[in-house]
Amino acid sequence: MRTLPPPVRALLQLLRGSQPDPSLSEADQRALRDLSDRTHCTLYWAGDEAARGALTRNAGRRQRLWATYNEAAGALAAHGIEFVLLKGFTHEIDSGIDPAQRYQSDLDFLCLPGDLARARSALMQAGYCEHGSAELSDNHSRPLVKPFSWRWRGDYFDPDVPISIELHHTLWNFGRDRIPVPDLEEFWKRRTALSIGGRSVSTLAEPDRLAFAALHVLRHILRNNASPSHVFELACALGRRAGDGEFWQAWRQMYDPRLRALQAVAFQFAQEWFGCALSDTADRECRALPESIRDWFQEYAFSPLVNLIEPNKDVVWLHMALLPGLTDRLAVGARKLVPMHLPAREDSGDWYPMHLLRRSRYHAVALARTLFAGWRRRVPAASSTASQTSD
């Protein structure tokens, strides 16, 4: 298993409720603070004056988030458009995290595909405009944001950062990751209302919120963009439900074995990184994952975190093990190992040629390490992503 860089190890210790090694060098302490801030984890531990200042600034941002939600939800409702709020405030309920300790960057609404154009028009009538020159995700269209003059000032918890709205047309897109996820259309049919902050908010049903949180974690990890804050929240949610046998019985009956297995991969990350308790059902699903996936976790469980400091693409081999066909493995492997497009200028906050140089260096180093790891392992992909337990 990869050796954790000191800043990564220290961040995990803080999020697990322990203090990092007091002998951490000054350089590693600075790297820890940068890593914690840019992954929005600082609020979870808030152990010094700077972190407490971030908590204060985040309180102001939360007020703006709720005001934006009220305005957007009102605009959609006025046009008769049904929606579901994804992630965000709903994660606070499910994870049991103090809302003051949770950073939220935007608002995500899921609409029926046929309502997406009307929803976009309703928000634009309310003063929102498309932001950026390209879509940031294959699950939602270009973000919508009110016109602003704000500029980046080096503060990840700046309360004045513009709040964007993302309109989702799907919960998972097969096209890029080539992993089929069955029965997602049932999530919309089971939607419900949840009381949050004195408001009745339309959300996914509780098991579906956990399932979507797990898929969201998996999607980011497979795309080499792991978010320790997302995995931490999932770990908290799993820990809170570990002893709820009724919930897990319903969870098992609700989902196809393939969907349970994909969630179990995310559950395994939560358990490995944060040592969260797992219910007997969740633990069985993790232990029933195909051998190639379990072998990958034995050696590379922390590689997505290490990648935040030191480039690697070890997650490629996990992705390969989740793909059922050779054609899909070749397509995904080629795209991940040798990217064929340049990053958009909007992706970089600095001089564009320098950004390209850094990205090229990253891919070159990561590719070399990944190919060496793959040569050592030579593990064939699993024939199915379904767990090896019967229904």
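This note walks through the predicted model, from the overall chain to single residues.

1. **Overall make-up.** The protein chain holds 18 helices and seven strands. It has 391 residues, and 51% of them are buried. The exposed surface comes to about 17800 Å². Carbon and sulfur atoms supply 52% of that surface.

2. **Contacts along the chain.** Take the contacts with a separation of 6 or more. Residues 24 or more positions apart account for 72% of them.

3. **The largest nonpolar core.** This core has 80 residues. Leu234, Phe267 and Trp273 touch the most other members. Helix H12 gives the largest share, eleven residues. A second core lies apart from this one and has 26 residues, including Leu65, Phe83, Phe109 and Leu123. As background, nonpolar side chains tend to be buried together in soluble globular proteins.

4. **Tryptophan 273.** Its contacts are worth checking on screen. Set aside neighbours within four places in sequence. Tryptophan 273 then contacts Leu12 and Arg16. Ile221, Ala226, Pro228 and Val231 are also among its partners. So are Ala301, Phe302, Pro304 and Leu305.

5. **Helix H12.** H12 covers residues 257–274. How do its 18 residues compare with the expected span? At 1.5 Å a residue they should span 26 Å, and the end C-alpha atoms are 25 Å apart, so the two agree. The helix is mostly covered, with 15 of 18 residues buried. At its start, a side-chain oxygen of aspartate 256 comes within 2.7 Å of the backbone nitrogen of arginine 258. After the helix comes glycine 275, with a positive phi near 60°.

6. **Helix H9.** H9 has 17 residues. Its expected span at 1.5 Å a residue is 24 Å, and its end C-alpha atoms are 24 Å apart, so this helix also agrees. Burial is high here: 16 of the 17 residues are buried. Asparagine 224 follows H9 and has a positive phi, near 60°. This residue sits in the loop between H9 (206–222) and helix H10 (228–240).

7. **Strand S2.** S2 runs over residues 106–110, and five of its five residues are buried. Which residues lie on each face? Asp106, Asp108 and Leu110 are on one side, and Leu107 and Phe109 are on the other. Both faces are covered.

8. **Partners of S2.** Strand S1 (residues 84–86) runs antiparallel to S2, joined by three bridges. Within that pair, leucine 85 is bridged to phenylalanine 109. Strand S5 (residues 164–168) runs parallel to S2, with five bridges. There, aspartate 108 has glutamate 166 as its bridge partner. Phe109 also appears in the core of 26 residues.

9. **The S6–S7 hairpin.** Strands S6 (residues 192–196) and S7 (residues 199–203) pair antiparallel over five bridges. Leucine 194 is bridged to valine 201 in S7. Two residues lie between the strands. Glycine 197 in this hairpin takes a positive phi near 60°.

10. **Positive phi outside glycine.** Most residues other than glycine have a negative phi. Where does the model depart from that habit? Aspartate 183 has a positive phi, near 65°. It lies in the loop between helix H7 (174–177) and helix H8 (185–189). Is aspartate 183 buried or partly exposed? Its relative accessibility is 33%, so it counts as partly exposed. Asparagine 224 is another such residue, with a phi of about 60°.

11. **Aspartate 314.** This residue is in the loop between helix H15 (303–306) and helix H16 (315–322). Its relative accessibility is 0%, so it counts as buried. What does its side chain contact? It makes a polar contact with the side chain of serine 303, at 2.7 Å.

12. **Where to look.** For the core, begin with Leu234, Phe267 and Trp273, then follow H12, which supplies eleven of the core's residues. For the strands, begin with S2, which is joined to S1 by three bridges and to S5 by five. For the loops, turn to aspartate 183 with its positive phi and to the buried aspartate 314.

Definitions and conventions
Residues numbered from 1 in each chain as written. Predicted model: local features only at pLDDT ≥ 70, side-chain atom pairs only at ≥ 80, totals over all residues. Heavy atoms only, no water. Helix = DSSP H or I, 4+ residues; strand = E, 2+ residues; numbered from the N terminus. Buried < 20%, exposed > 50% of the residue type's maximum accessible area, 1.4 Å probe, protein only. Contact = heavy atoms within 4.5 Å. Areas by Shrake-Rupley, 256 points an atom, 1.4 Å probe, with all protein chains shown as cover. Pairing = 2+ DSSP bridges. Expected span 1.5 Å × (residues − 1). Polar contact = N/O pair within 3.5 Å; in protein donor to acceptor, adjacent residues only side chain to side chain. Core = buried A, V, L, I, M, F, W, Y, C linked by side-chain atoms within 4.5 Å.
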